[in-house]
Each structure stands twice: as C-alpha cells, then as structure tokens.
Amino acid sequence: MSEINTKVTIAGVELKNPVMTASGTFGSGMEYGQFVDLNKIGAVVTKGVSNVPWEGNPTPRVAEVYGGMLNAIGLQNPGVDVLCERDLPFLQRYDTRVVVNVCGKTTEDYVEVVERLGDEPVDLLEINVSCPNVKEGAIAFGQRAEALYEITKAVKAKAKQPIIMKLSPNVTDITEMAKAAEAAGADAVSLINTITGMKIDIHRRTFALANKTGGLSGPAIKPVAVRMVYQAAHAVKIPVIGMGGIASAADAIEFILAGASAVAVGAMNFHNPYTTEEIVQGIEAYMRKYGVTDLCELVGVVE
Amino acid sequence: MRKEMAVILSQTKIASGIYSMWIKTELAKEAGAGQFIAVYTKSDAMLLPRPISICEVDKAGGAIRIVYRIAGAGTAEFSGYTEGDTVSILGILGNGYDIDGISGGGNPSEKALILGGGIGIPPMLELVKEWTAINRECYSVLGYRDELFLDKEFEAYGSVYIATEDGSAGTKGNVLDAVRENHLRADVIFACGPMPMLRAVKQYSEQEGIRAYISLEERMACGVGACLGCVCKTTKKDSHSNVNNARICTDGPVFLAEEVDI
C-alpha cells in the first residue's frame, strides 16, 4: 500500500499531522516533552500569554467532575517577554509548529502582544477571546458577534502571522460567531474552549473552586464540541480546528469527519501524558485500515 | 518521570479510613522523602490522578509504600485493591526534602524536629529514616484527631511525642502544644499536615529563628508543572512563573517556610 499523508494546512502553514495541544494544558511543551516526542506532533499551542505577567485566580483552581474537570486558573502567565526569551527558543529546537495563544483585557493588550510576537519564531497566533475565568477582556470579546468582529479586525490588522480565533461554546449560536470571525479576516477558528460550569462541595457546603465557576473540559464535553465543530465548519470557509474532550484517535477522527482540519488534545494530557503521540499513531492506523492515503480526504465528509 | 503500571504487594487497613499499600515499581530507585506519586483510578469517569505522598521507599526491593486516607471515590477504589492487583501511577513527582543539601556542611549534632499532622504523618516516616541514616538525631511529634497510626514505626528512629485533639493520647492539642509541653528544641524543622498547622509552624519557626521546611498540598490536575492548577503564594517573585506563585507539584511540595506566603 502507498504511503499515507497526514499533512494538513492551516492558513498556509503546513502541519506534519493534525494533532495539536490545547492551550493551557501543555505549558510551553517543556513539561510534557519528558513524556512525548514533540517532533511527532503537528503543533504545540502554548498557554495563553498577555502583555504583562498575570497572577491568575486563587486556589482551589481545579476540581474533578464526572468524565471531566473544571478549571479556573485565570490565565496565570509570565508575560510575553518571558515567553520570547525562554519558551520560544525551547520550542525552536523541535520540528513542530508553534502556535502562541494570546490573551488580554483590552484590545490594546491583544495588539501589543501580537506586535511583540511579529518577528518571533511563531507560526500561528491563536487569539483567546473565550476564557471564562477572567473578569475583564477575554470572554467579553467572545460572546457577542460585534465585539468578536471588532477584536478580530484589530488584531488581524497588526498580526504578521495568520490568526486563529478561539471561540467560546458559551453562546447561543456558534455559527454567528464563526461567521463574524471570518468576516473580520480571521484565518481560522478553533473551538471549543471550555463550557462554564460549577461544582459544590456538599461536605464543606461551599464551591469546589475559589472562583465559584470554572471551565468544564474532558470527555464529558465531547458531544457538544463535535456538534459545534460540525455547525461552524458548515458556516465558514476558513479552516476549523476542533477540540473538546479528545481522548483517543477515534475521538480525533470524529472531529475531522465533522469538519475539523486539525484537532487539539487538552485535559486528557492530565489523564495520560502520552495521549498526543498515541493519537498520531492511531490516526495513521485508522487511515491504513480504511485505505485512506490523504488525511484531507476525511475532513468534513460526514455531511 | 513516567507513567507505569505497578503491582500491589500488600494492602492493610491501619486505622479507620487509613490504608497502607506497598507497590512494586521501578520508580522506587528515584524516590525520596517528601516526594509523591500520582495514582490513577481504573475508571475513565475519574480523569485526574490522585497525588499521594511516599511513606517509605525500598530501593533495593524496588517498592514504594503509600499510606492514604479515603477521601472520595478514587481513594475508596484504591482501598479495595489486594495483592497482585495492578495500579497505574505517574512519578516520581515533586521536590522532596533535600537531606544532603539541608544538612550539608552543617553541624553533625544538628537535631531535627519532625512534625506530622493527620494524613501529613506518612511522608515523615521516610524522612526520619533518611535523616537518621546520615547519623542525625530527631524528635518526631505526631498530631492526630483521636485514633493513632504509624506512631510505633517512628519509635525506631528517635523519641516520639503524640498530640491528640481529644486528649486521648499524649498532649491534648496540636503538635506545637506537644513541642512546648515537652520543651523540645531543634536546629531545623520539617513539617507536613493541614494548612492551619503549617501556618502555625511557619509562625513558630519565625519566632524561634529556626529554619522550617514545610510540605504543601493543593488540588492538582497535571502533577508535572504544566497546568498551573496547584500554585501557592510566594514571598518573592518566582523565577518560573514571573509572578508570586510557585507550582506545588514541581517547585514543591516541600518549601522553605519563609519562601511561601500561606
């Protein structure tokens, strides 16, 4: 049988395979590089970075729930300068694409980070307008189509790299959001970010998280994510990157069949630190089993 | 550091809701006092591994002992395992007590005050073993609500003092009440236990001018320093985070008390 081709292209950037890491679950690759060969995965998406260091939320920041987890880290990050000085040089040593997730409180914050990254070794920018755990910025831009359009336009005007808008599932109609991003010039969209949730500790009679609410991730959210990826992929022409509870190659293929051009693994890294590499192997096995020579043939075939 | 399948060598209930388990694992070679492993349940519904401190290490035999309390469905599942069962673990995690570094070049008569409270007692057993193995002395002060466990095992490594909340054994009160009642003096303090106890130990160490190393606990997700779920406040800017937060899983769980703001 002929060689299989797992390459995918997002906004002109070729990935050796469609498996990425979901922002916030993989640091900047350094920690999980002890478990997986970063050269084997399509792209590393770094944890959200802002113009200045952010302290994040008080603890407890994480709680387990059935089939998933809640987090309210609050986008703690060391600031873009540390990312450029420490993390990007580390990632440059690997043959993988580098996607930097960008967060901010104001439009100016986002633009500042994007401009700072202009000449850095970064392949793609993922603009986080969907984190449910910070009070200002972030999700405020991601829940109204007009606001999303404006921030996308402002960032796109200054970005040297292609931009991926990361969408929130905490909206009434995901297609409106995807269309707004596309209309404003986004090169791709990624979805879903976490779904806002809550857990109450019945013994202490208080919230499990100090932030009261947190973002739900893990296998529990996968059907919601598949549905939204399917809807978004049918609403826009730009590539859709799918994520939300991906635990196996079977899950990844489900997203691809629904219309995702690439996928990202998030909370499951915590359950099994080898997940990303295992999914790459599993996708190849699936392609061989069904005689698929080019992965792109699978994207969105379930109509 | 890796995830691997370990085999249960033995499991015993040592007090109500408290279990002692020996597991066979190659990771034992890398393990030391104050470090921990993350233990996975067999249910996919429970995504996150449970961080459990290492109670004893048998490097020659390639085995680790954990002593844990049933705190929920995950630890309840672990308590049902018997000899020969397998369990998936991630380790060895965290920075433990750097015995050589702490005692290095110091006075060989240096004496340690070892304070353990509740389920913070188990990691102190490996610590007293390692501390006395380099010919240093220690007092162990163990605090319980009521029912005692592991206390007899500490006796092989020096004098042991007990504190109980209900006064049923030893000093009525907490570990510091026992320290004061018995006029215990030492050159260095090691402590693990609930946060109110650690706050009191930090304050005591500052008042007395004694270095204290404390082991912190927090809800964890990744266990390897990537997710920033389990942070604690630090008194100075942390070099990794660039803010006043350190990761308990990788920068700790053992910290010099003066470096953390608890």
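Two strands count as paired if DSSP finds at least two bridges between them. The exercises below use this rule on a predicted model.

**Exercise 1. Strand order in an open sheet**

Task: State which strand of chain A pairs with E6 over three bridges, and which residue stands opposite A:Leu70.

Solution.
- Step 1. Strand E6 (residues 68–71) of chain A has three bridges to strand E14 (residues 213–217) of chain A, in the antiparallel sense.
- Step 2. The cut-off is at least two bridges, and E6 and E14 of chain A pair over three.
- Step 3. Within E14(A), A:Leu216 is the residue opposite A:Leu70.
- Step 4. The open sheet of chain A holds four strands, ordered E5-E6-E14-E11, with antiparallel pairing.
- Step 5. Strand E5 (62–65) and strand E11 (195–198) of chain A are at the edges with a single partner strand each, so one side of each has no neighbour in the sheet.
- Step 6. From one strand to the next, the twist averages 40°.

**Exercise 2. The surroundings of strand E16**

Task: Find which strands of chain A are joined to E16(A), and decide whether the faces of E16(A) are covered or open.

Solution.
- Step 1. Strand E3 (residues 19–21) of chain A runs parallel to E16(A) and is joined to E16(A) by three bridges. A:Val19 has A:Val263 as its bridge partner in E16(A).
- Step 2. Strand E15 (residues 240–243) of chain A also pairs with E16(A) in the parallel sense, over three bridges. Here A:Gly242 stands opposite A:Val263.
- Step 3. Helix H7 (residues 249–258) of chain A completes a right-handed β-α-β unit with E15(A) and E16(A).
- Step 4. For the faces, the cut-off for a buried residue is 20 or more other C-beta atoms within 10 Å. In strand E16 (residues 262–265) of chain A, A:Ala262 and A:Ala264 on one side are buried, as are A:Val263 and A:Val265 on the other, and both faces are covered.

**Exercise 3. The largest nonpolar core**

Task: Name the residues that touch the most other members of the largest nonpolar core, and say which helix gives the largest share.

Solution.
- Step 1. The core has 195 residues, and A:Val189, A:Val229 and A:Val263 touch the most other members.
- Step 2. Helix H6 (residues 222–235) of chain A gives the largest share, seven residues.
- Step 3. Domain 1 (2–93) and domain 2 (99–215) of chain B both contribute residues, so the core lies between them.
- Step 4. Leaving out residues up to four places away in sequence, the contacts of A:Val189 include A:Ile164, A:Met165, A:Ala178, A:Ala181, A:Ala232 and A:Val240.

**Exercise 4. The buried residues of helix H5**

Task: List the buried residues of H5(A) and state what they pack against.

Solution.
- Step 1. In helix H5 (residues 174–183) of chain A, the buried residues are A:Ile174, A:Met177, A:Ala178, A:Ala180, A:Ala181 and A:Glu182.
- Step 2. They pack against helix H4 (145–158), strand E9 (163–166), strand E10 (188–191) and H6 of chain A.
- Step 3. A:Gly185, just after H5(A), has a positive phi of about 105°.

**Exercise 5. The two domains of chain B**

Task: Work out how many residues of each domain of chain B are in contact with the other, and which strand gives the most on the domain 1 side.

Solution.
- Step 1. Chain B splits into domain 1 (2–93) and domain 2 (99–215). Their C-alpha centres are 24 Å apart.
- Step 2. The contact involves 14 residues of domain 1 and twelve residues of domain 2 of chain B.
- Step 3. On the domain 1 side, strand E1 (2–15), strand E4 (50–58) and strand E5 (63–69) of chain B each supply at least two residues.
- Step 4. E4(B) gives the most to that side, five residues.

**Exercise 6. Backbone exceptions**

Task: Locate the cis peptide bonds at A:Ile192 and B:Ile92, and the positive phi values at A:Leu75 and B:Leu150.

Solution.
- Step 1. Most residues other than glycine have a negative phi, and most peptide bonds are trans.
- Step 2. The bond from A:Leu191 to A:Ile192 is cis, with omega near 10°; A:Ile192 is in the loop between E10 and E11 of chain A.
- Step 3. B:Gly91 and B:Ile92 are joined by a cis peptide bond with omega about -10°, and B:Ile92 is in strand E6 (residues 86–93) of chain B.
- Step 4. A:Leu75 has a positive phi near 60° and sits in the loop between E6 and helix H1 (80–92) of chain A. A:Leu75 is buried, because 26 other C-beta atoms lie within 10 Å.
- Step 5. B:Leu150 has a positive phi near 65° and belongs to the loop between strand E8 (137–144) and helix H4 (151–154) of chain B. B:Leu150 is buried, because 21 other C-beta atoms lie within 10 Å.

Terms used:
Residues numbered from 1 in each chain as written. Chains lettered and ligands numbered in written order. Predicted model: local features only at pLDDT ≥ 70, side-chain atom pairs only at ≥ 80, totals over all residues. Axes fitted to C-alpha atoms, helices over the stretch in contact; angles between N-to-C directions. Buried ≥ 20, exposed ≤ 12 C-beta atoms within 10 Å, placed from the backbone. Right-handed = clockwise from strand over helix to strand, strands pointing away. Core = buried A, V, L, I, M, F, W, Y, C linked by C-beta atoms within 7 Å. Domains from an automatic or database assignment. Contact = placed C-beta atoms within 7 Å.
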